[in-house]
2 protein chains.
Amino acid sequence: MQSLPGFRDFYPEECAFRDGIIAKWCEVARRYGFVRYDAPPLEPLELYTQKSGDEIVGQLYHFVDKGGRDVALRPEMTPSLTRMVGGRYRDYRKPMKWFSVPQVFRYERMQRGRLREHFQWNCDIIGEESLRGEVELLALLIDGLRVFGLGDEDVVVRLSDRIFWTDFLKERGVGEDRWYEFFQAIDKSEREGEEKTRKQLGVLADDVIKVLNEGAESARLDEVEAGLARRGMAQYVKRDFRIVRGLAYYTGVVFEVFDRKGEYRAIAGGGRYDDLFAKQGNEAVPVLGFGMGDVVLGEILKDRGWKPNDADITVDVFVFMVNEGEERWGDHAVRILRDAGIKTDLVFKPTKMAKQYELAEERGARWGLCLKGDKVEVKDLKSREVKQMADVEAVVAWVKSNLG
Amino acid sequence: MQSLPGFRDFYPEECAFRDGIIAKWCEVARRYGFVRYDAPPLEPLELYTQKSGDEIVGQLYHFVDKGGRDVALRPEMTPSLTRMVGGRYRDYRKPMKWFSVPQVFRYERMQRGRLREHFQWNCDIIGEESLRGEVELLALLIDGLRVFGLGDEDVVVRLSDRIFWTDFLKERGVGEDRWYEFFQAIDKSEREGEEKTRKQLGVLADDVIKVLNEGAESARLDEVEAGLARRGMAQYVKRDFRIVRGLAYYTGVVFEVFDRKGEYRAIAGGGRYDDLFAKQGNEAVPVLGFGMGDVVLGEILKDRGWKPNDADITVDVFVFMVNEGEERWGDHAVRILRDAGIKTDLVFKPTKMAKQYELAEERGARWGLCLKGDKVEVKDLKSREVKQMADVEAVVAWVKSNLG
């Protein structure tokens, strides 16, 4: 029997890779003073249709539960976040800086970089109106790439401004009922080519294409870029008005992250969405955030040979048993070592030494321990250097002083 | 709008508590040389009915997906584990020591200590036939309690032996078709009282009740207990033949963990289940494991005032802005501090100092930083002690030498 199509099994080596990514995400978020939250992976279906309309249902894992409730596996985290914050907005000092690493689910056609589940780093700043929020959030996003060794020669944050475009539409008297269609056309312009985009844009085509190709003034983007320059990150950002984020709810600065060579799908995306709380029936709350998935990022990191921290998946010491009847000593040794917080593995009974060495190597052990008369022998499994010590307690002291 | 009944929102303080538990679980598992794996939260429904029969369907969140597949949210991790290992058993050196922390789901009547989802620490040793496996697994389980400060005066591992009982039944000529019913009667004997249990047991009642009350010989349990004594853990274990684990698939030593006072539901449970792989159509593989949930454990820890590690939810430094126009300096300061790996938060613009102090306190900052002429002032936010330093780089060095 197999797992479902589009769902991943994480064998230890793959789990370590995934956990290594998540650990870095958490580390960077905490470095920026973000605190972690979580929400259920199963939510009322209405939470998603309320935000995104009924069309989203076609992409959801949804069903009726045994209590007759319409429920869905979360396709994204934002609706759960706004639900949670909406109910308790007044309890927290603003700005709130929250992050989460949910697994999210969509029933989609599978392609490279797109499965039916992924883990998504979600970071949001809630309760900050000024563009200082954008600077902080984008700095976090960029550090969330730098922490994996991705430099400005590898990745780029394409930065845009929805208000520029909504002003553009208002000046030209385009009714709000046609904005969604307009943003869809721009969103797809890169894939579909100029001719098709021109057709969709009609009389607006010339003006729009000019902006897409030549850029435009935006005091908001000037301010954000200046802030990022002060954080030493200007070189990661490129103004690009083609980025509008298809979803209708963005209200300000928006952005997407790509690899510079354009070989992969978007690595991350986000922006400001000040209207969503009000749309959910709560008081209006300024909010901005981004999501970064583990699938596209993971592909890039794999191609670059990135490795998670070995210390998370290896032991420090491996206890060997050379002669019959050493189980008693083995139990004693692992007890003393583990009680001291030292990661320790052991064979369960005396067996061929070659087999024990293989196991110790697979576990990534740095030192091997065995009983030698009434002494303890410690072997450095790389250098093969051997030391004799009086007892396991002496080994503990020695290992602790030699662990990074 | 609310989350679904039986599902938890994790606001930051609750998420820190949950993550604190999970971090301890991972730490202990790694100390024992276990490696982490994971599997999809959504699996083919058949994976569960194959193991547990159709009766389990009544407790599952299950549905038909858009591809016409019968699928279910995982109610437990073991079927996914055996599916994964079954396919690649020969690829790994034995014994395999694997752990996971899945969120699992059951549509059940909600009670204290029982929701419709929980996080479950799953640890399994695969490929070890001898009782040394039991010693190692139970030692891990006990250290998984000790790591939260739970001593042998707080918790007890009730240890039992399914082989004792199956031998007992064979000796008395009870056919295998009646074993399930027999184990159910013993499983429920504590709750239902002696009279009802006697009725269910019929002619076996006298012999069984004697064992339940007075215990019995078991060379297997002797060996496990001796091993645990050598690990310094004998005092955590109590032999108790009432523990049989209702599920039909256990084949050897079984156990459950309870608080000594009996105020809560079981904290953990497990045992050996050597037949499950074969039942799933794989080659026979010796395997034993346990599961520990976060809900009952969390209740006990909350009642005892246990707290997660503060360092995971607080920042080290908070950057204040006293005068108008200090945003530029603030951006500079957080950049230098964060680039050095120091967890740093800041206000987004100059505001009332009282408000800034409140925010810094809420974030748990240890030091406050502000610009003072061309110098930097560092304030210890607890002792209120103040130091002047030449620049932010000097602060980095000082903070690093003062962080535990």
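**View 1. Chain B and chain A are related by a rotation of 180° with 0.0 Å of shift along its axis.** In this predicted model, that operation superposes chain B on chain A with an RMSD of 0.1 Å. This is the relation of a two-fold axis. If you would like a landmark for the axis in chain B, look for Phe63(B): its C-alpha is the one nearest the axis, 3.1 Å from it.

**View 2. The two copies meet through the same surface.** How many residues does each chain bring to the contact? Chain B gives 99 residues and chain A gives 99 residues. Of the interface residues of chain B, 100% are also interface residues in chain A, so the copies use the same surface to meet.

**View 3. About 8400 Å² is buried between chain B and chain A.** Carbon and sulfur atoms account for 56% of that area. Three residues are worth picking out here: Met1(B), Lys66(B) and Phe348(B) together supply 10% of the area that chain B buries against chain A, more than any other three residues.

**View 4. A salt bridge joins Asp331(B) to Arg230(A) across the interface.** The side chains of these two residues meet with an N to O distance of 3.0 Å. In total, 26 salt bridges are found across the interface of chain B and chain A. On the side of chain B that touches chain A, 41 residues are charged, 43 are nonpolar and 15 are polar. Polar contacts can be counted here too: between the two chains there are 50 residue pairs in polar contact, with both residues at pLDDT 80 or more.

**View 5. The largest cavity holds about 60 Å³ of space and has residues of both chains in its lining.** Which residues of chain B line this cavity? They are Arg30(B), Gly33(B), Phe34(B) and Val35(B). From chain A come Ala311(A), Asp312(A), Ile313(A), Thr314(A), Val315(A), Lys343(A) and Arg363(A). By class, the lining has five nonpolar, two polar and four charged residues. The structure as a whole holds four cavities of 30 Å³ or more.

**View 6. The second largest cavity, with about 50 Å³ of space, is also lined by both chains.** Here chain A supplies Arg30(A), Gly33(A), Phe34(A) and Val35(A), while chain B supplies Ile313(B), Thr314(B), Val315(B), Lys343(B) and Arg363(B). Four of the lining residues are nonpolar, two are polar and three are charged.

Note on methods
Residues numbered from 1 in each chain as written. Chains lettered and ligands numbered in written order. Predicted model: local features only at pLDDT ≥ 70, side-chain atom pairs only at ≥ 80, totals over all residues. Heavy atoms only, no water. 1 Å grid on protein atoms, 1.4 Å probe; cavity = no way out; pocket = protein on both sides within 12 Å on 5 of 7 lines; lining within 4 Å. Points joined across faces, edges and corners; volume = space filled by probe spheres on them. Nonpolar A, V, L, I, M, F, W, Y, C, P; charged D, E, K, R; others polar. Contact = heavy atoms within 4.5 Å. Buried area = accessible area lost by both parts, 1.4 Å probe. Salt bridge = Lys/Arg side-chain N within 4 Å of Asp/Glu carboxyl O. Polar contact = N/O pair within 3.5 Å; in protein donor to acceptor, adjacent residues only side chain to side chain. Least-squares fit on C-alpha atoms with pLDDT ≥ 70 in both.
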